[in-house]
Amino acid sequence: MKTAIVTGASSGIGKAIAKELLEIGYEVFGFGRNFRASVPVPQDAQFHPIELNLMQTGLLIEKIREIKKNKRISLLVNNAGTAYFGLHEELSPAMLHEMVMVNLEVPMLLCQMLLRDLKETKGHIIQISSVTAKKSSPHGCAYGATKAGLSMFSQSLFDEARKYGVHLTCIHPDMTRSNLYRNADFEAQEGEEYCLLPSDISAAVRAVLTAREGMVVSEITLTPQKHRIAKKKQV
């Protein structure tokens, strides 16, 4: 049985990816901030929830080392992300630090820790980036910059590791129904044609992992049929 590590697995896209991986026979170690606050993934014996804040990198390193002692990792999904939107001058230093660490530094750290294992298993790295990595993002320029950094890092890492049999795919989803926009004053227009669903991204992950061995899908952009955002309703 192949073993996967998935960050941000307690909700949204990460939870959908964890479910998908269990369905296709992976053992999954899912990292998340709070598995009790959301509907849990199925009570599958092959799913191991690990509650921790990814900004606690010392604890994260310790947990990864524990997993590596007993398991050969064949898949890393760097899905966890955080975002703050608005005029750049209005963002706090803490907000900037959190976005850089969670969106860019932690994926770099996990790739560094697991790359030798992935070379041995000829495994996969899947990075969940964003369409904002590919375009100007007013009112989200810091978030977009971290995702652009993740995408460029991924491109270079694949070129570095591909000769060792490591597969790497960077997925760029457009606006998705998830908790990412909890700090924003906007949201996708109601209706599934105006946004992606977490299951759309998890389906793309399944397609990547079940592709022919000698072919790598290095990059995917997912977008809803229509694009329209609305001001978030005040509760």
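Two strands count as paired if DSSP finds at least two bridges between them, and the strands (E, at least two residues) and helices (H or I, at least four) are DSSP runs numbered from the N terminus. This is a predicted model, where local features need pLDDT of at least 70 and side-chain atom pairs count only at pLDDT 80 or more, while totals for chains, interfaces and linings use all residues. Residues are numbered from 1 along each chain as its sequence is written, and side-chain values use heavy atoms, with hydrogens and water left out.

**View 1. Here's the open sheet, with its 7 strands.** Follow the strands across and you get the order E3-E2-E1-E4-E5-E6-E8, with parallel pairing. Strand E3 (47–51) and strand E8 (219–222) stand at the edges with a single partner strand each, so one side of each has no neighbour in the sheet. From one strand to the next, the twist averages 15 degrees (axes are lines fitted to C-alpha atoms, for helices over the stretch in contact, and angles run from 0 to 180 degrees between N-to-C directions).

**View 2. Now zoom in on two pairs of strands.** Strand E4 (residues 73–78) and strand E5 (residues 124–128) pair in the parallel sense over 4 bridges. Look for leucine 75, which stands opposite histidine 124 in E5. E6 and E8 also run parallel, joined by 4 bridges, and cysteine 170 has glutamate 219 in E8 as its bridge partner.

**View 3. The side chains of E8 take turns.** In a regular strand, side chains alternate between the two faces of the sheet. Along E8, Ile220 and Leu222 point to one face and are buried, while Glu219 and Thr221 point to the other and are not. Buried means under 20% relative accessible area, exposed means over 50%, and partly exposed is in between (1.4 Å probe, protein chains only).

**View 4. Helix H1 (residues 12–23) is largely enclosed by the rest of the structure.** That's because 9 of its 12 residues are buried, among them Ile13, Ile17 and Leu21. The buried residues of H1 pack against E1, E2, E3, E4, E5 and helix H5 (198–209), where contact means heavy atoms within 4.5 Å. At 1.5 Å a residue, H1 should span 16 Å, and its end C-alpha atoms are 17 Å apart, which agrees (the expected span is 1.5 Å times one less than the number of residues). After H1 comes glycine 25, whose phi is positive, near 95 degrees.

**View 5. Two helices lie across strands of the sheet.** Helix H2 (residues 57–70) lies across strand E1 (3–7), strand E2 (27–32), E3 and E4, running at about 170 degrees to E2. Helix H4 (residues 141–161) lies across E5 and strand E6 (167–173), at about 160 degrees to E6.

**View 6. H3 and H4 pack together.** Their axes are 8 Å apart, at an angle of about 15 degrees. The two helices are therefore roughly parallel to each other (angles under 35 degrees count as roughly parallel, over 145 as roughly antiparallel, 65 to 115 as roughly perpendicular and the rest as oblique). Residues making the contact include Leu96, Met99 and Leu104 of H3, and Tyr143, Leu150 and Phe153 of H4.

**View 7. Last stop: threonine 3, in strand E1.** Threonine 3 counts as buried because its relative accessibility is 2%. Leaving out residues up to four places away in sequence, threonine 3 touches Tyr26, Glu27, Phe29, Lys71, Arg72, Ile73, Ser74 and Leu75.
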